[in-house]
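Visitor: I am new to this structure. Please take me through one part of it closely, and then show me what lies around it.

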Amino acid sequence: MTPALPRLCAAWVASALLAGCGGGTDGTGATPEPTAQVTSSGAMTRGSVILNGTRFDDSAAAVTDDRNRTAAQLADGMVVKLRGRSDDGATGRADRIDVENEVRGAIQSIDANANPQRFVVAGLTVLADDLTVYANAANFGALVPGVRVEVHGLRDAAGRLRATRIEANVPGADELRGPIGNVDTSAKTFTLNGNVTVNYAAAVFNPRGQAGAGDLTNGAIVEVRGTLAGGVFSAAEVDIEAREDAPFTGNAGEKQEVEGFVGALAGTAFQVGGRPVRIDAGTRFAGGAAADLANDVRVEVEGIVDGSGVLAATQIRFKRARLLLHGLATRVQLAPPLVVALGQSALVTDLTRIEARAASGGSSSSLADITPNADCVELRGFAAGPLFIADEIKEPSSCGDALVQARVGAVDTARFELTFFADLIARLDGAGVQFRDAGGATLNRDAFFRAATVGRLVKVRGDFAAGVLIGREAELQN
């Protein structure tokens, strides 16, 4: 275990360098203890615990984990819920940490050819991608049926588990977490994830003395531990998550941070990790804009819990910068599926949402209804290494302007050009080009190019011809 003092010193040094010690000392030379209460949840990074952009000192935290792991054993990719204190949003102290894996058991089947790759354990389909962390296994290819795994992850809008961490060869009882259905109080059974029957006749309910069989209602989230044989899970313990998670729900007026996939999006309201969220005109965005919000987009939301339990978002950070291409589809390939627009290839996965226009005039979810060199497309997605992965493809009723939103790859100030991806050039040398900062305020060309550095997210709108986007409008993004 790393001694507490060096870790605290490191946090103090980082705070001093980044934020002037968060407001200075208390007059004795010591850094004051943070006081503002905060709850946070999501996939952590080690060091001590970095969660949703805040580095929490975990040296005095009470850790709840059914494998009895200590704070020193917390690791990258684990999904945790945390209650602590932070005054500056950069550093803080964790008081309580709850480790929440989604499933533990033997792999039943694997599909390495799917996109994304996946396997089934305890009846639950687990999806892995380039952000998934592996432990006791080099990568997805090292997994085989029969290996016991523990999976941490985040549920998307369709309830699919997107793995943030996969640990192989794990000890401990079988475990499964999720919403329940088909509650039968006579048979003392319910189903989990729609296909596993849980028998709770001999189970103990947690929290002890607070939870019981009366909490088993359709849709409730539970965590069960016991033994899975065939399609029946014999539960020794049933955790009622609504009761166990009460300390992490957040009180009115408290700061809260939550990571997860957008779901139930309707106007300015949506959910993340089961938490209702709302945005308003004052919400700040990083890595995209309000228009980039869509179901199944992974975000980190920071805000204040209001009196009705809704998280009023002050800032939303996209886990991956949102990329956008709008223009004529010059190539559509069905196998392997991809679409080319503005000279850039967007890969299509099993999860890509497609809204095309069928020849009959109705809507279609098939790439086959997008005609190359005739139909325009709007491609939204993210970068996975050098690849542009499309998670949404729409065919608009008319083409309109060509548009790109992406990170700058190269800057040529002499020619007033930005390069996106590997070879998409946006030329901004026209006399009437409009330049704006991330808040929409007008900039002159020189100020814009000073800010449009390599790696900066920028949006350019204009006309695409001969492989070059001739820009009319260019806007910096946060």
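Where does Ala-213 lie?

Guide: This is a predicted model. Ala-213 lies in the loop between strand E17 (204-206) and strand E18 (221-229). Its relative accessible area is 38%. Buried would need under 20%, and exposed over 50%. So Ala-213 counts as partly exposed.

Now look at what Ala-213 touches. Leave out residues up to four places away in sequence, and Ala-213 is in contact with Tyr-200 and Phe-205. Another alanine gives a sense of distance. Ala-203 is 10 residues from Ala-213 along the chain. The C-alpha atoms of Ala-213 and Ala-203 are 9.5 Å apart.

The loop between E17 and E18 also holds Pro-207. A cis peptide bond joins Asn-206 to Pro-207, with omega about 0°. A cis bond also joins Asn-115 and Pro-116, and there omega is about 5°. Pro-116 is in the loop between strand E8 (103-111) and strand E9 (118-121).

Next, step back along the chain to strand E15, which covers residues 189-192. Its side chains point two ways. Thr-189 and Thr-191 point one way, while Phe-190 and Leu-192 point the other way. All four of these residues are buried.

E15 has strand E14 (residues 174-184) as a partner. The two pair in the antiparallel sense over 3 bridges. Ile-180 stands opposite Leu-192 of E15. Together E14 and E15 form a hairpin, with 4 residues between them. In that turn, Lys-188 has a positive phi of about 55°.

E15 also pairs with strand E16 (residues 196-199). This pairing is antiparallel too, over 4 bridges. Here the bridge partner of Leu-192 is Val-196 in E16. The hairpin of E15 and E16 has 3 residues between its strands. Asn-193 lies in the loop between those strands. Its phi is near 55°, a positive value in a residue other than glycine.

Asn-169 is another asparagine to look at. Its phi is near 55°, again positive in a residue other than glycine. Asn-169 is in the loop between strand E13 (161-168) and E14. With a relative accessible area of 54%, Asn-169 is exposed.

Arg-162 brings in a ring. Arg-162 lies over the face of Phe-261, 4.7 Å from the ring centre.

Move on to the largest nonpolar core. It has 37 residues. Ile-393, Phe-420 and Phe-448 touch the most other members. Apart from that core lies another, of 36 residues. Ile-180, the residue opposite Leu-192, is among the members of this other core. So are Phe-119, Val-121 and Ala-235.

Return to Phe-448. Set aside neighbours within four places in sequence, and its contacts include Leu-418, Leu-428, Phe-435, Arg-436 and Val-458. Phe-448 and Phe-449 are both buried. Ring pairs link Phe-416, Phe-435, Phe-448 and Phe-449 into a cluster. The charged end of Arg-445 sits over the ring of Phe-416, 4.7 Å from its centre.

The structure holds 9 aromatic pairs. One of them joins Phe-388 and Phe-421. Their ring centres are 5.8 Å apart. Their planes meet at 20°, and stacked means under 30 degrees, so this pair is stacked. It links distant parts of the chain, 33 residues apart. Phe-388 is in strand E31, and Phe-421 is in the loop between strand E33 (417-420) and strand E34 (424-427). Phe-388 is buried, at 4% relative accessible area. Phe-421 is partly exposed, at 27%.

Phe-448 and Phe-449 pair in another way. Their centres are 5.6 Å apart, and their planes stand at 80°, so the pair is edge-to-face.

Finish with the cysteines. A search of the whole structure finds 1 disulfide. Cys-376 and Cys-399 form it, with sulfur atoms 1.8 Å apart. The torsion about the S-S bond is about 90°, so the disulfide is right-handed. Cys-376 is in strand E30 (residues 376-384). Cys-399 is in the loop between strand E31 (387-394) and strand E32 (402-412). The two are 23 residues apart. Cys-376 is buried, at 6% relative accessibility. Cys-399 is partly exposed, at 34%.

Terms used: Residues are numbered from 1 along each chain as its sequence is written. This is a predicted model: local features need pLDDT of at least 70, side-chain atom pairs count only at pLDDT 80 or more; totals for chains, interfaces and linings use all residues. Side-chain values use heavy atoms; hydrogens and water are left out. A nonpolar core is a set of buried Ala, Val, Leu, Ile, Met, Phe, Trp, Tyr and Cys residues joined through side-chain atoms within 4.5 Å. Buried means under 20% relative accessible area, exposed over 50%, partly exposed in between (1.4 Å probe, protein chains only). Contact means heavy atoms within 4.5 Å. A disulfide is a pair of cysteine sulfur atoms within 2.5 Å. Rings of Phe, Tyr and Trp (its six-membered ring) pair if their centres lie within 6.5 Å; planes under 30 degrees apart count as stacked, over 60 as edge-to-face and the rest as tilted. A charge sits over a ring if NZ of Lys or CZ of Arg is within 6 Å of the ring centre and within 35 degrees of the ring normal. Two strands pair if DSSP finds at least two bridges between them.
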